[in-house]
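Please work through the following exercises with the sequence and the structure at hand. Each task is followed by a solution in steps.

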Amino acid sequence: MSELSALLDVVTSALDAAEVRDGQHEMAALVASAIETGGHLVVQAGTGTGKTLAYLVPAITSGKRVVVATATKALQDQLATKDLPFLADHLDADVDFAILKGRSNYVCLQRLREMADPDQARLDLEPVAATTGAEIRRIAEWAGSSRSGDQAELDWTPSDAAWRSVSVGSDECPGAERCPLGDPCFAEEARRRAQAADVVVVNTHLYGLDVAADGAILPDHDVVVFDEAHVLEDVMSDTVGVTIAPGRFVALAATIRRILDDASLTDSVADLADSLRDVLCDRVGERLPIPLPDEVQEPLTEARLVLGRVSDALVAIETADDGAKQRRLRAQTMTGRAIEQLDVAIEGRDGHVAFASGSPSSPRLEIAPLDVGPTMRDGVWARRTAVLTSATIPSSLPSRLGIDAESVVVADVGSPFDYATNSMLYCAIHLPNPNSAGFRDAANEELEALVRAAGGRTLALFTSYRAMDEAAESMRERLDVPILTQRDLPKPALVAAFAGDEATCLFATAGLFQGVDVPGSTLSLVVIDRIPFPRPDDPLLSARREQLGRRAFAEIDVPRASMMLAQAAGRLIRSTTDTGVVAVMDPRLGTASYRWDIVNALPPMKRTRHRAEVERFLRDTTA
């Protein structure tokens, strides 16, 4: 047994219900090898593997400085409050770790000082509810004793208006060296702790901003671990691209109004929001040509001219008051960064695609790279060892991210769960094509039979709200079990209500394809209405499809659909004793030429095309 393997056994033996997991040991050895050789690793680790300890133990004991980037707040909190403190207690090594978040997550001491000025507070709070002032006083009291100033440490949730009044984003903060409270600043203290730590936990969005800023945000590091790496391409597209939303001008006008006594000019900035919203609202979901069409260019050019005047007006302000100086600096910083993004949008960029996203009431102009590979190659792969891991990883991920095949090891360490014995994959191959008129009625007949066999206990996942609503209405008429839908409650309450009653069924859309963890007999049947291919009219993906030509379906659509279906199927088996069925209503899973690419991405369940076999399995396992 290797030293690393023995160390992993010592650590895991301290866990409740400790057990040796072969996949965890295999993954730990792969991570250690990547760190030692300086190569890259893409490793799929199925549910139950214990992947966080599998990468943390070799990373910590390597003596290298490591950044762990997570896609969700839940995993970041798990690392910060559970996994890393646990290792600090049980590893025979110093575990010096830090959590670093975006600047707006921390209360700003300078803003709190300014809010203590009645005149400034009245200016800030005039447009919002009177209760916001009480919330700010409560935040100020907490900040006086908090060590971190991190909003996550509050035991209550302040309103957005209150938190905005006492925090600043990276686009607004002028930097510690230009702020009178830069030294005790909570965000700067978090950065100092990160600079000194051996392991730094961030979210993937912040890591992407660091890549876009050429390493100006995060401390130098030797190794990066991307957990939940299946979303890495999308997150990087968001962070290294440009987003201009009407709300930016509303926020900017509020910031300028705090220092500039020129109602006409500040109103002109606020009015830019309506101008941009008017030209984008009817284009949501549309891809735009580059250079942008004249009707979109016009409000952007107007915004550039208005912000140029704002910049001149801010420079002309003379004041000896420290608070006023800080308000001017924040307004200048925010204005300057808005101008930078406007210039990119107006000029256009080769290799990028422009599109309108969001909703008609809250549209956004986005300019994203067609290919994040070159940015990732220069900003990450050429600089440090990278470990990419997730329970589901698209087969095309390494190439989509620009990782050279010669420099990466791709592995799948499986799962400790006995899928072949405890679960079954059913394809309703006799149903009509999902695009045909008779599919919904036939699928509802099938769904009724399956739910009856399972005695409720069903998570039914749909690729549209319309399909979810139709199925829920139909099942409520046919069945006497409780039916919840995603519309009924917030997600945590919805999952809790589902988990609390074995007879209940939960009908949901793509938002619950992941993040639902309900072990035990409450969940015995997962139904997916159709293969979850990405939208054919998605503007960014459609541009990437054009770039790839005939290879697009195999490199974009099939891998993404496989990943989504695997995530949905992963809701079923969450412990060694769980049993049940994953039923896919889409007959293409059993007939299409690409079917094995998708089936092979799923857990190794026994397979059937016969509903009678499914009903028998469900009755036997739920009896």
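The exercises below concern cavities, buried residues and salt bridges.

This is a predicted model, in which local features need pLDDT of at least 70, side-chain atom pairs count only at pLDDT 80 or more, and totals for chains, interfaces and linings use all residues. Residues are numbered from 1 along each chain as its sequence is written, and side-chain values use heavy atoms, with hydrogens and water left out.

**Exercise 1. Describe the largest cavity and its lining.**

Step 1. A cavity is a set of points, on a 1 Å grid over the protein atoms alone, where a 1.4 Å probe fits but cannot get out; lining residues have an atom within 4 Å of a point. Grid points are joined across faces, edges and corners, and a volume is the space filled by probe spheres set on the points.

Step 2. The whole structure contains 4 cavities of 30 Å³ or more. The largest cavity holds about 170 Å³ of space.

Step 3. The lining of the largest cavity consists of 19 residues, and Arg103, Cys108, Val168, Cys173 and Cys185 are the closest to its centre.

Step 4. Nonpolar residues are Ala, Val, Leu, Ile, Met, Phe, Trp, Tyr, Cys and Pro; charged ones are Asp, Glu, Lys and Arg; the others, Gly among them, are polar. The lining of the largest cavity then divides into 12 nonpolar, 4 polar and 3 charged residues.

**Exercise 2. Which element gives the most to the lining of the second largest cavity?**

Step 1. About 140 Å³ of space lies in this second largest cavity. Its lining has 15 residues, with His230, Glu233, Pro394, Leu397 and Arg560 nearest the centre.

Step 2. Helices (H or I, at least four residues) and strands (E, at least two) are DSSP runs, numbered from the N terminus. Two or more lining residues come from each of α11 (232-240), α17 (397-400), α22 (539-548) and α23 (552-569).

Step 3. The element sought is α23, with 5 residues.

Step 4. By class, the lining of the second largest cavity has 7 nonpolar, 2 polar and 6 charged residues.

**Exercise 3. Is threonine 385 buried or exposed?**

Step 1. Buried means under 20% relative accessible area, exposed over 50%, and partly exposed in between (1.4 Å probe, protein chains only).

Step 2. Threonine 385 is located in strand β10 (residues 385-390). Its relative accessibility is 5%, so threonine 385 counts as buried.

Step 3. Contact means heavy atoms within 4.5 Å. Leaving aside residues up to four places away in sequence, threonine 385 touches several residues, including Ala34, His40 and Asp222.

**Exercise 4. Characterise the salt bridge between arginine 457 and glutamate 502.**

Step 1. A salt bridge is a side-chain nitrogen of Lys or Arg within 4 Å of a carboxyl oxygen of Asp or Glu. By this rule there are 34 salt bridges.

Step 2. The closest N and O atoms of arginine 457 and glutamate 502 are 3.4 Å apart. The pair links distant parts of the chain, 45 residues apart: arginine 457 lies in the loop between α19 (439-454) and β13 (458-461), and glutamate 502 in the loop between α21 (491-499) and β15 (505-508).

Step 3. Arginine 457 is buried because its relative accessible area is 13%, whereas glutamate 502, at 35% relative accessibility, is partly exposed.

**Exercise 5. Which residues are linked in a network of salt bridges?**

Step 1. The network of salt bridges joins Arg111, Glu114, Glu172, Arg258 and Arg330.

Terms used. 1 Å grid on protein atoms, 1.4 Å probe; cavity = no way out; pocket = protein on both sides within 12 Å on 5 of 7 lines; lining within 4 Å.
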